[in-house]
Amino acid sequence: MNKKIRNIRKKLSNPRIRRRLKIALSVWFGGIILGVLFKVVYDIGYFDAQSLKSAENAELPTTNPVLTMESAQHIVSGALKEDPNNPNTIVDQIVNNNRNLSTIIIENNKIKKIAWIIDLRLFFTCELYNDEGYNLNEGIEHQYNINRDNFNRGEQ
């Protein structure tokens, strides 16, 4: 055993072997330090991303917004640039209260029309067709007894 230790000391006393050993140990410790540095940077980025995701989740509303008569009237008055306190066009009925596409019936000068509100913001009164080409306005007008002739005469 003592001979083995003496043999190792003799080999380590050689300057060429010492230099190679120093280089190998420096590269090995450098790799360890670089790995630890990458791990710390990854963890910091991961925790920042998780806190950002938590903050975004905290900002989301906890309830689904629903279209009320007042909010529908406000959207219609704003889109038609009418006075919200004394509008010419009045929301008569909310037919389909969907968050993405709501159907309402509006009345202006005793003329009833079908109108659409998209994402509780955008308001329009033109014809709406589904993906199969059916006119959705005609179906709702027939269901709620709104005649297309009323558009021109002002009757119901």
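**View 1. The open sheet of four strands.** In this predicted model, four strands (DSSP E runs of at least two residues, numbered from the N terminus) form an open sheet in the order 1-2-3-4 with antiparallel pairing, where two strands pair if DSSP finds at least two bridges between them. Strand 1 (90-96) and strand 4 (122-124) stand at the edges with a single partner strand each, so one side of each is left without a neighbour in the sheet. Neighbouring strands are turned by 30° against each other on average, direction ignored, the axes being lines fitted to C-alpha atoms.

Residues are numbered from 1 along each chain as its sequence is written. Local features need pLDDT of at least 70, side-chain atom pairs count only at pLDDT 80 or more, and totals for chains, interfaces and linings use all residues, while side-chain values use heavy atoms, with hydrogens and water left out.

**View 2. The hairpin of strand 2 and strand 3.** Eight bridges join these antiparallel strands, and Ser102 has Ile117 in strand 3 as its bridge partner. Two residues lie between the strands of this hairpin, and Asn109 in the turn has a positive phi of about 55°.

**View 3. The hairpin of strand 3 and strand 4.** Strand 3 (residues 111-118) pairs with strand 4 in the antiparallel sense over three bridges; in strand 4, Phe124 stands opposite Trp116 and Phe123 opposite Ile117. This hairpin has three residues between its strands, and Asp119 takes a positive phi near 50°.

**View 4. The surroundings of strand 3.** Six of the eight residues of strand 3 are buried (under 20% relative accessible area, 1.4 Å probe, protein chains only), so strand 3 is largely enclosed by the rest of the structure.

Conventions: Axes are lines fitted to C-alpha atoms, for helices over the stretch in contact, and angles run from 0 to 180 degrees between N-to-C directions. Buried means under 20% relative accessible area, exposed over 50%, partly exposed in between (1.4 Å probe, protein chains only).
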